[in-house]
Structure formats: C-alpha cells, structure tokens
Amino acid sequence: MQTLDDLREEYEFLDADDRYRLLIDLGRALEPMPDPLKTEATLVRGCSASVWVYPTRRDDGALHFLADSNAAITKGIIALVLLSVQDQPPAVIAATDIEAALAPFDLRAQLSSNRTQGIPNMIALIHETARRYQEA
C-alpha cells in the first residue's frame, strides 16, 4: 500500500489534469464498501457529493474504515484522508492532524470549493469515531 509521503512526491510532479487523474485512480482503488452499509447513519453531512464512512475494529484494536462516494474526485479525496489514518489505533487516529497531513496536496487550490467543502466534516467524523472507540 502506498504511503501518503510517497503519493505526495508523485503528486508534486504532476500538472493539474494528471492530479485529477491520480485522485480518480486513488478512488477507484478504495476497498469496496458494501451497499447495505451506505445508510443515513454512515452518511457524512455537509458534502456536496454523497460520502459514506463506516468504521470497523480489527482484532488488534486498530480501526479500519470503509468509505465510498458517488463522485470520482471525492472518492479520491476520501482515499487521501484514509491513507493518513487507516489501520491505526484509535488513540493515534484521534491525535493525527489529518488536515496537516493533507496540506502538501493543496486540495483547496487544486479543486473547486464544492469538492473540498466536506473534507472537514469527514475528518471530524473520523476523529469523533476514534475518540468513541478509544473510550470503549
């Protein structure tokens, strides 16, 4: 699995069109999320596209997220977010500055505000989920 740092190095050398294609490819590579998990309860509020995030807890206590979107670019953004937290213990996820991890990708400059408006809500949901599992 590619790391966020490896991906950032590749991303920096691409022009805008190739960056879009890279995000779309990342989204296509996301682990499939079964349709029955795409419910109101897993829907991220405030996104222009539909985005669903479903946490699972592995046997070692780490959190693994399934996520999907009905928009290709948004799905790629989800993949970037998940690269920063996937399969980590809840305490690590709760302490991860996801926005800082994504800052080198400068998504707000690369994409329309419609594409990026839901990112803070997705990050908040992931942090809230991690804190909930941390307390359990």
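Begin by selecting R8 in this predicted model, a residue that is partly exposed, with a relative accessible area of 22%. With R8 still highlighted, add E12, whose side chain meets that of R8 in a salt bridge at 3.5 Å, N to O. E12 also counts as partly exposed, at 45% relative accessibility. Both residues belong to helix α1, where they sit 4 residues apart, about one turn of the helix. An α-helix has 3.6 residues a turn, so residues three or four places apart point the same way.

Now extend the selection to the whole of α1, residues 4-12. Which residues of this helix are buried? They are L4, L7 and Y11, and because they cover an arc of only 60° around the axis, they lie on the same side of α1.

Next, move along the chain to strand β2, residues 63-69, where 7 of the 7 residues are buried. Colouring the two faces separately is helpful here, since in a regular strand the side chains alternate between the two faces of the sheet. On one side of β2 are L63, F65, A67 and S69, on the other H64, L66 and D68, and both faces are covered.

Bring in strand β1, residues 51-57, which runs antiparallel to β2 and is joined to it by 7 bridges. To follow one of these pairings, select W52, whose bridge partner in β2 is D68. At the turn of the hairpin, where 5 residues separate β1 from β2, select G61 and inspect its backbone: the phi angle is positive, near 95°.

Close to this point in the tour comes another charged pair, R58 and D60, which form a salt bridge with their closest N and O atoms 2.5 Å apart. R58 counts as partly exposed at 34% relative accessibility, whereas D60 is exposed, with a relative accessible area of 54%.

Return finally to D68 and add K38, for the side chains of these two residues meet in a salt bridge at 2.5 Å, N to O. This pair links distant parts of the chain, 30 residues apart, with D68 in strand β2 and K38 in the loop between α2 (16-28) and β1. Is each partner buried or partly exposed? D68 counts as buried, at 9% relative accessibility, while K38 is partly exposed, with a relative accessible area of 23%. Adding D35 and K75 to the selection completes a network of salt bridges that links D35, K38, D68 and K75. For the model, the count of salt bridges comes to 11.

How values were computed. Residues are numbered from 1 along each chain as its sequence is written. This is a predicted model: local features need pLDDT of at least 70, side-chain atom pairs count only at pLDDT 80 or more; totals for chains, interfaces and linings use all residues. Side-chain values use heavy atoms; hydrogens and water are left out. Buried means under 20% relative accessible area, exposed over 50%, partly exposed in between (1.4 Å probe, protein chains only). Helices (H or I, at least four residues) and strands (E, at least two) are DSSP runs, numbered from the N terminus. Two strands pair if DSSP finds at least two bridges between them. The arc is that of the directions from the helix axis to the C-beta atoms. A salt bridge is a side-chain nitrogen of Lys or Arg within 4 Å of a carboxyl oxygen of Asp or Glu.
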